[in-house]
Amino acid sequence: MRKKPKVVVVGSGIIGASVAFSCLNLGAEVVVLEQTKLGGAASSSSFGWINASFAETPAYFKLRNAAVHAFRNLKEEIDLNDSVRWRGTLWWEDSGLELKKQFSDLVERGYTAKLLNKDEIKSREPNLKDVPKEAIYTPFEGAAEADRVALAMLNILSNQGGKVIEGCKLEGVNSKKGRLFSVQTDIGEIFCDKLTLATGAAAQNVLLGFDWTLPMKNRQGLIVQTSPLPKLINHVLMTNDVHFKQNADGTLTVGEIFNGELNKNKVALDLATDVLLRTSRKLALSEKLIPTSIKIGTRPVPIDGFPVIGEVEGYKGVYVAVMHSGVTLAPLVGQLLASEMLKTSQSPLLEDFRPNRFTK
Ligand SMILES: Cc1cc2nc3c(=O)[nH]c(=O)nc-3n(C[C@H](O)[C@H](O)[C@H](O)COP(=O)(O)OP(=O)(O)OC[C@H]3O[C@@H](n4cnc5c(N)ncnc54)[C@H](O)[C@@H]3O)c2cc1C
């Protein structure tokens, strides 16, 4: 009988968990290493909007669009009813001509989207008090609690014989003649055939024996979670001044600062209060919004803004998977990378996103 290939995945966020889960499905022996808390860092403080509404290039749109569909299909394999909702998005970050331009761009790309008027918005969101004149409705989009999705995958992995090791830090990579044979960790050496670095924002950190780091421009974002409320809203609401969604347990996840840095002079608590105030002004609420957690998350963003997925030149057997919008992309990236690692099938969807664009 042929020996199972042994794969080490570093990082237990939604990307690492998806890669590990897909490798298990392809028959590998899988070990996941996590230096801090299972479920990931960015993945535990993410807004979790699953979408292809924003993509700077056609290749990135193709990847994101395929990823939304791959995520929707995941329900055939895992029960994610508690952590993922597919209710579509209402978007009015912009208005007037800019909103119309965003709409026509989406339609031109073949994305399913509809322009709604005030009455149509109101009938979809009866508890919305501050109703915009127009909004873009994208019905196939959804939202996930990314750390819970990661934990669900890791749970299946451990139940099926995989290993998930919390509190274990990867320190170095050992290779001979350019081919990986083991990894060095703070609990000792682990022999393996393949390695995936799904280390998120930490991808820029130096590893012993690995003369390659990913230049990053990580960015922060504020996420506030409320206590549970009765059913209030249906869609992911991307409004002109705040973004929010209601989770399966009734809690709201509220976020802002999608592209910038957190202002150093702002206190997170004050900002969170302000963000919740903006949210409550949008809604016909019978009770106050009570924050139960306030997180400043770090988005893993490679320096050119695009995902970095694949084998690293000069290090056979060593793969990276680091990206923003990792919640949207995770299930598809997990499947494509696992196939590449274990079946050597290369997907054209990943062509523009290879690590070698950063090789010196
Ligand atoms: C505020 C905010 C809002 C966001 N909104 C969205 C959104 O709406 N939609 C979307 O698609 N994406 C969104 N993102 C991005 C998305 O959350 C991330 O792209 C995704 O969670 C990345 O997952 P990951 O597994 O790569 O990283 P992480 O979840 O950060 O996991 C990486 C893990 O690797 C571990 N690690 C690092 N180095 C080592 C080491 N040497 N040894 C062992 N373990 C190590 C870390 O401890 C960490 O747990 C948002 C992110 C933030 C912060």
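**Serine 43, the two domains and the ligand shell**

Me: Is serine 43 buried or exposed?
Reply: In this predicted model, serine 43 has 29 other C-beta atoms within 10 Å. A residue counts as buried if 20 or more other C-beta atoms lie within 10 Å of its own. Serine 43 is therefore buried.

Me: Between which elements does serine 43 lie?
Reply: Serine 43 belongs to a loop rather than to a helix or strand. That loop runs between strand S2 (29-34) and strand S3 (49-50).

Me: Which residues does serine 43 touch, not counting those up to four places away in sequence?
Reply: Serine 43 and valine 149 are 106 residues apart in sequence, yet their C-alpha atoms are 9.2 Å apart in space. Contacts of serine 43, with residues up to four places away left out, fall on Gly13, Ile14, Ala146, Asp147 and Ala150.

Me: How is the protein chain divided into domains?
Reply: The secondary structure of the chain comes to 7 helices and 20 strands. The assignment gives two domains, each built from separate segments of the sequence. These are domain 1 (6-46 + 147-214 + 304-358) and domain 2 (89-139 + 219-299).

Me: How many residues does each domain give to the contact between domain 1 and domain 2?
Reply: The C-alpha centres of the two domains lie 32 Å apart. On the side of domain 1 that touches domain 2 there are 3 nonpolar, 3 polar and no charged residues. The contact takes 6 residues from domain 1 and 5 residues from domain 2.

Me: Which residues are closest to the ligand?
Reply: The ligand is surrounded by 41 residues. By class, this shell holds 17 nonpolar, 21 polar and 3 charged residues. The closest are Gly13, Gly40, Gly200, Gly221 and Gly326.

Me: Where does the ligand lie with respect to domain 1 and domain 2?
Reply: Elements giving two or more residues to the shell include helix H1 (14-25), strand S14 (219-226) and helix H7 (326-343). Domain 1 and domain 2 both contribute to the shell, so the ligand lies between them.

Me: What is the radius of gyration of the protein chain, and what does the globule rule give for 360 residues?
Reply: Buried residues make up 47% of the 360 residues. Of the contacts with a separation of 6 or more, 73% join residues 24 or more positions apart. The chain is as compact as a globular protein of that length, because its radius of gyration is close to the globule-rule value: 21 Å, against 21 Å from the rule.

Terms used:
Residues numbered from 1 in each chain as written. Predicted model: local features only at pLDDT ≥ 70, side-chain atom pairs only at ≥ 80, totals over all residues. Helix = DSSP H or I, 4+ residues; strand = E, 2+ residues; numbered from the N terminus. Rg over C-alpha atoms; globule rule 2.2 N^0.38 Å. Buried ≥ 20, exposed ≤ 12 C-beta atoms within 10 Å, placed from the backbone. Contact = placed C-beta atoms within 7 Å. Domains from an automatic or database assignment. Nonpolar A, V, L, I, M, F, W, Y, C, P; charged D, E, K, R; others polar. Near = placed C-beta within 6 Å.
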